[in-house]
Amino acid sequence: MKTAESNLTSRQRFLAACRGEPLDTPPLWIMRQAGRYLPEYRKLKWKHGFLTMVKTPELATEVTLQPIRRFGFDAAILFSDILVIPEAMGQPYHFRDEGGIGMDFPIRSKDDIDRLDTSGIRERLDYVPGALKLLKRELDGKTALLGFAGSPWTLATYMVEGGSSTHFEKLKELFYGNRALFETLMEKITEAVVNYYRMQVEAGVDAVQIFDSWGGACAGGDYEAASLKWLRRILREIGEAVPVILYAKGLHHRIDELAKAGPQVISVDWTADLGHLRDTLKKPVALQGNLDPVLLNTTPGIVRQETGKILDAMKGYSGGHIFNLGHGILPTARIENVEAIVETVRRS
Ligand code: CP3
């Protein structure tokens, strides 16, 4: 039986799920919903380049809207990148030819950290509220508008390692070898992230996501000191203003601890068994996720089946559910498979 929910806009349904209200059909968006798997994105990127698109409000708006027009997702996430924060603090980055990210130089010493400039963040990231205001007008209150930033720990992995990394050796060396210097760096990043979220809230976002993409790499007993402590500070500063979705990769075994930190929604990666998770949670919290992005390289039949399993696992959950991938979409994803998710979720 369908309820009055079909009269709600996508934005209203999205916000209801963030508040933990159960819906017959979960709202849907996907992480990195713009990107190389879309021909219209590739065309614009070929012409302008990634960072120019990020820094030009009209282009960032257009790229944000591309997947909304094509798939009608319930939330639009600003087209940008978590690394605009180090960039705005004076540490630029580039794409490595072999794939992944390279920072132009790493941050390792006290002098490097002292040189990071948090004072001009607002001016240097002025293009972000520029794009958000254009997007708000275009979306007209029908589709939810999401802002985002990286967690301080996840940003520090790129800043200290000097780019994409597997083992995070340099950052761990700093964490275990010079805790005071680690904290000085984290204080600075956290301050920048809080400021950045405030700008997004002032520009009218409906909710924000925090990406703790590499929090799962911390040693178990040290997650609190390395990442959660800083996340908590951010949640205290912005959690009252808008709903916060915490994406925590490799951390679903700590979900009760994450929930206690106070995000409205916890976004889990594909390794979590959502049916098990909802049954073992100490207190219901809205959950987002969690289709394996690699499945989008397969066939619509497989995608429909696996999407259906997640929908079944979350049916009747009293805490709220937002359908999403378990991590960002891959450039190899097939468009017909994204369509298969949309059809399956909408028909549920
Ligand atoms: O979700 C969205 O659609 C919003 C836009 C968004 C992007 N990056 C655009 C992007 C978001 C939310 C991000 C977050 C991001 N960026 C994270 C955290 C989330 C995660 O996936 O873990 C991280 C770690 C980054 C840093 C970053 N940016 C990486 C590691 C890469 C990939 C590099 C590679 O070689 O593939 C990027 C590039 C990037 N950011 C792309 C997009 C669409 C692909 C750019 C392209 O090649 O066209």
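In this predicted model, a polar side-chain atom of Ser213 sits 2.6 Å from an oxygen atom of the ligand. His327 does much the same job of contacting from its own side chain: an N or O atom there is 2.6 Å from a ligand oxygen. Gln33 joins in through its backbone instead, with a polar backbone atom 2.8 Å from an oxygen atom of the ligand. As for how much of the ligand ends up covered, the protein buries 91% of the 890 Å² that the ligand exposes when taken alone.

Stepping back to the surroundings, the ligand has 25 residues around it, and the nearest of these are Arg32, Tyr41, Asp81, Ser213 and His327. Ser213 and His327 thus turn up both in that nearest group and among the polar contacts described above. By residue type, the shell around the ligand splits into 14 nonpolar, seven polar and four charged residues. The space that the ligand takes up is the largest pocket.

Then there are the cysteines. No disulfides turn up anywhere in the structure. Two cysteines can be placed by their accessibility. Cys18 has a relative accessibility of 3%, so Cys18 counts as buried. Cys218 comes out at 12% relative accessible area, and because the cut-off for buried is under 20%, Cys218 is buried as well.

Conventions. Residues numbered from 1 in each chain as written. Predicted model: local features only at pLDDT ≥ 70, side-chain atom pairs only at ≥ 80, totals over all residues. Heavy atoms only, no water. Disulfide = S-S within 2.5 Å. Buried < 20%, exposed > 50% of the residue type's maximum accessible area, 1.4 Å probe, protein only. Near = heavy atom within 4 Å. Polar contact = N/O pair within 3.5 Å; in protein donor to acceptor, adjacent residues only side chain to side chain. Areas by Shrake-Rupley, 256 points an atom, 1.4 Å probe, with all protein chains shown as cover. 1 Å grid on protein atoms, 1.4 Å probe; cavity = no way out; pocket = protein on both sides within 12 Å on 5 of 7 lines; lining within 4 Å. Sits in = over half its atoms within 2 Å of the grid points. Nonpolar A, V, L, I, M, F, W, Y, C, P; charged D, E, K, R; others polar.
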